[in-house]
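Visitor: I'd like to walk through this structure with you, if you have a moment. Could we take it topic by topic?

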Amino acid sequence: MPKAQAQVLQPGEEITYAVSYLGVNLGTIKIVNEGKQEINGKPVFKCKAYIDSRPGIPFVELHTTYESWIDPSSTSSWQFVANTKENGGWTFDKYVFDYPNKQINTEKFKKNVKTESKQFAISKK
């Protein structure tokens, strides 16, 4: 008899967390599973997180979107992208996990201009 497998990632699932400190509502984190996709010919689940501070909180203005293309095994990511509003402009960070070549390639952009590109060696997936 085959074993039943739990599916951690459910396409279409949305989870919203209210973030507070000492009873003060600071904002929300909303995670959305956008479903099955392919990246470089590999099946993945694409998940997106929206992180937003509540308007009107002094000294805090946070708006960030994280996107991750996750292996169906839920043990690794093939790509990660972050968009963050900083000082009136947006920064964009991209991480591509190249497991066959044992490296992570990163790029950083500020106001649509590439400011950094790096490669990191990794020992295993």
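Visitor: Let me start with one side of the surface: does Tyr21 count as buried or exposed?
Guide: Tyr21 counts as exposed, at 57% relative accessibility, and please keep in mind throughout that this is a predicted model.

Visitor: Which strand does Tyr21 lie in?
Guide: Tyr21 lies in strand S1, a strand that covers residues 14-21.

Visitor: And which residues make the nonpolar surface patch?
Guide: The patch is made by Val19, Tyr21, Leu22, Val24 and Leu26, and has an area of about 490 Å². Strand S1 and strand S2, the latter being residues 24-39, each supply at least two residues of that patch.

Visitor: How many Å separate the C-alpha atoms of Tyr21 and Ser76?
Guide: Those two C-alpha atoms are separated by 31 Å, and along the chain the two residues are 55 residues apart.

Visitor: Changing topic, how many salt bridges does a search of the whole structure find?
Guide: The search finds seven salt bridges. One of them joins the side chains of Glu14 and Lys30, with an N to O distance of 3.4 Å. That pair links distant parts of the chain, with Glu14 in strand S1 and Lys30 in strand S2, 16 residues apart.

Visitor: What is the relative accessible area of Lys30?
Guide: Lys30 has a relative accessible area of 30%, and is therefore classed as partly exposed.

Visitor: Which residue does Glu34 form a salt bridge with?
Guide: Glu34 forms a salt bridge with Lys46, and the closest N and O atoms of this pair are 3.0 Å apart. Because Glu34 lies in strand S2 and Lys46 in strand S3, which is residues 42-53, the salt bridge ties together parts that are twelve residues apart in sequence.

Visitor: Is Lys46 buried or exposed?
Guide: Lys46 counts as buried, at 9% relative accessibility, whereas Glu34 counts as partly exposed, at 35%.

Visitor: What about Asp93, and which residue is its salt-bridge partner?
Guide: Asp93 forms a salt bridge with Lys108, and here the closest N and O atoms are 2.9 Å apart. Asp93 lies in strand S6 and Lys108 in strand S7, so this pair ties together parts that are 15 residues apart in sequence. As for accessibility, Asp93 counts as buried at 13%, while Lys108 counts as partly exposed at 23%.

Visitor: Which residues do salt bridges with shared partners join into one network?
Guide: Glu34, Lys46 and Glu67 are joined into one network by salt bridges that share partners. Glu67 is found in strand S4, residues 63-70, and counts as buried at 11% relative accessibility.

Visitor: What does the side chain of Glu67 make a polar contact with?
Guide: The side chain of Glu67 makes a polar contact with the side chain of Lys46, at 2.7 Å.

Visitor: Which residues does Glu67 touch, leaving out those up to four places away in sequence?
Guide: With those sequence neighbours left out, Glu67 touches Lys46, Cys47 and Lys48, and also Gln79, Phe80, Val81 and Asn83.

Visitor: Back to S6 and S7, in what sense do these strands pair?
Guide: Strand S6, residues 89-98, and strand S7, residues 103-110, pair in the antiparallel sense over eight bridges. Within that pairing, Val96 has Asn105 in S7 as its bridge partner.

Visitor: How many residues sit between S6 and S7 in the hairpin?
Guide: Four residues sit between the two strands of that hairpin, and Lys102 in the turn has a positive phi of about 55 degrees.

Visitor: And what joins S7 to S8?
Guide: Eight bridges join S7 to strand S8, residues 113-121, and the two strands run antiparallel. Two positions illustrate the register: the bridge partner of Ile104 in S8 is Phe120, and Phe109 stands opposite Lys114 in S8.

Visitor: Which residue in the turn between S7 and S8 has a positive phi?
Guide: Lys111 has a positive phi, about 50 degrees, in a hairpin where two residues lie between S7 and S8.

Conventions:
Residues numbered from 1 in each chain as written. Predicted model: local features only at pLDDT ≥ 70, side-chain atom pairs only at ≥ 80, totals over all residues. Heavy atoms only, no water. Pairing = 2+ DSSP bridges. Patch = residues over 30% accessible without salt bridge, like charges linked within 9 Å, V, L, I, M, F, W, Y side chains within 5 Å. Areas by Shrake-Rupley, 256 points an atom, 1.4 Å probe, with all protein chains shown as cover. Salt bridge = Lys/Arg side-chain N within 4 Å of Asp/Glu carboxyl O. Buried < 20%, exposed > 50% of the residue type's maximum accessible area, 1.4 Å probe, protein only. Polar contact = N/O pair within 3.5 Å; in protein donor to acceptor, adjacent residues only side chain to side chain. Contact = heavy atoms within 4.5 Å.
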